[in-house]
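Reader: Please pick one part of this model and take me through it closely. Then tell me what else stands out.

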Amino acid sequence: MIIKERGITEEVYTLYSGMVVGDIINRIGDAKCEATLNWVKSLDREVQKTVIVGTYLTGMKLAEKLKEFSQVTVIDIHPHLASLLDNDINFTEDLSQISQADLVIDTSGLGGLSPESVRKFVNTDVSLFLVEDPTSDGSDNIILEKNNIMERIELAGSKHRGILKTGGLDTKTSGTMTMTIEVLRKGLNDILSSNGVLYGVAGMNFYEGVLFKEKDHRKFQELVKDPALIISALQPISPDDALEKYLEKIDSVVADVSI
């Protein structure tokens, strides 16, 4: 649904996207979850206990989906992020919980879970080990060199190992927020090139700063309720169509790299 109202004069419309920023975050998270669940189901292994390393933002979405058939624990060094999770999801800073899981998903990205921790905790009792690749199809050489997920994969004791890869927008990383901002940016650029559009704004904010510097999860949750795009134009135009165009380009798959 596109919300339309008159602008400064009767000749101008102000158009609000039906999508809010949180809708885009959820759509990207859903793509990652679908790829993950397809991989887990394809292995036909019972998963009673899942441990996810990293809350923001992939971990949060995965926890929400996986709790439907598994006991889920999220591990994070930022205790205030527990407020983003449902009450029936366990939260801890204790890495030793990894060794007690059937499925471990590492979403911690660049500078996250160390290879040494993987060697120590991801033992042969952990049947499935999945790592989210923090790089994407637009990553530069410096980012690629910082990525150590193959070392983590090789040190894991799990029989089944996979890499969650997400791309399609030529973003520098596969992070959910990175891709959200890119959908907003590309969608706005397309809208601005349309006939009769005077100007537009996207729901961009430094959300990471709100969560990790201000440590204000309520403010974060309110900010992502803002419209994704607001446009000033001389004729009706659909901001959602521009956003949908780029959301449909996002591709998320799990590469099975079992050793």
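**Helix packing and two buried side chains**

Author: Helices α6 and α9 are oblique to each other (under 35 degrees is roughly parallel, over 145 roughly antiparallel, 65 to 115 roughly perpendicular, and the rest oblique). This is a predicted model, where local features need pLDDT of at least 70 and side-chain atom pairs pLDDT 80 or more, while totals for chains, interfaces and linings use all residues. Numbering starts from 1 along each chain as its sequence is written, and side-chain values use heavy atoms, without hydrogens or water.

Now the pair itself. The α6 and α9 axes (lines fitted to C-alpha atoms over the stretch in contact, with angles from 0 to 180 degrees between N-to-C directions) cross at roughly 130° and come within 8 Å. Contact (heavy atoms within 4.5 Å) involves Val183, Leu184, Lys186, Gly187, Asp190 and Ile191 on the α6 side. From α9, Pro239, Ala242, Leu243, Lys245, Tyr246 and Leu247 take part.

Helix α6 runs over residues 176-192 (helices are DSSP runs of H or I, at least four residues; strands are E runs, at least two; both are numbered from the N terminus). Its 17 residues should span 24 Å at 1.5 Å a residue, counting one less than their number. The end C-alpha atoms of α6 are 24 Å apart, in agreement. Buried residues of α6 (under 20% relative accessible area, with a 1.4 Å probe and protein chains only; exposed is over 50%, partly exposed in between) include Thr176, Met177, Met179, Thr180 and Glu182. Val183, Leu184, Gly187, Leu188 and Ile191 are also among them.

A second pair is α1 (residues 21-42) with α2 (residues 58-66). Their axes lie 9 Å apart, at an angle of about 55°. That makes α1 and α2 oblique too. Asn26, Gly29, Asp30, Lys32, Cys33, Thr36 and Leu37 of α1 make the contact. They meet Thr58, Lys61, Leu62, Lys65 and Leu66 of α2.

Next, two single residues. Arg152 sits in α5. Arg152 is buried, at 1% relative accessibility. Its side chain comes to 3.2 Å from the backbone oxygen of Leu113. Beyond four places in sequence, Arg152 touches residues including Asp106, Gly111, Pro115, Val118 and Phe129.

Ser158 lies in the loop between α5 (149-155) and β8 (160-167). Ser158 also counts as buried, at 1%. A polar atom of the Ser158 side chain is 2.7 Å from the backbone oxygen of Val126. Outside its neighbours within four places, Ser158 contacts Val122, Asn123, Val126, Ser127, Leu128 and Phe129. Phe129 therefore appears in the contacts of Arg152 as well as those of Ser158.

Key: Polar contact = N/O pair within 3.5 Å; in protein donor to acceptor, adjacent residues only side chain to side chain.
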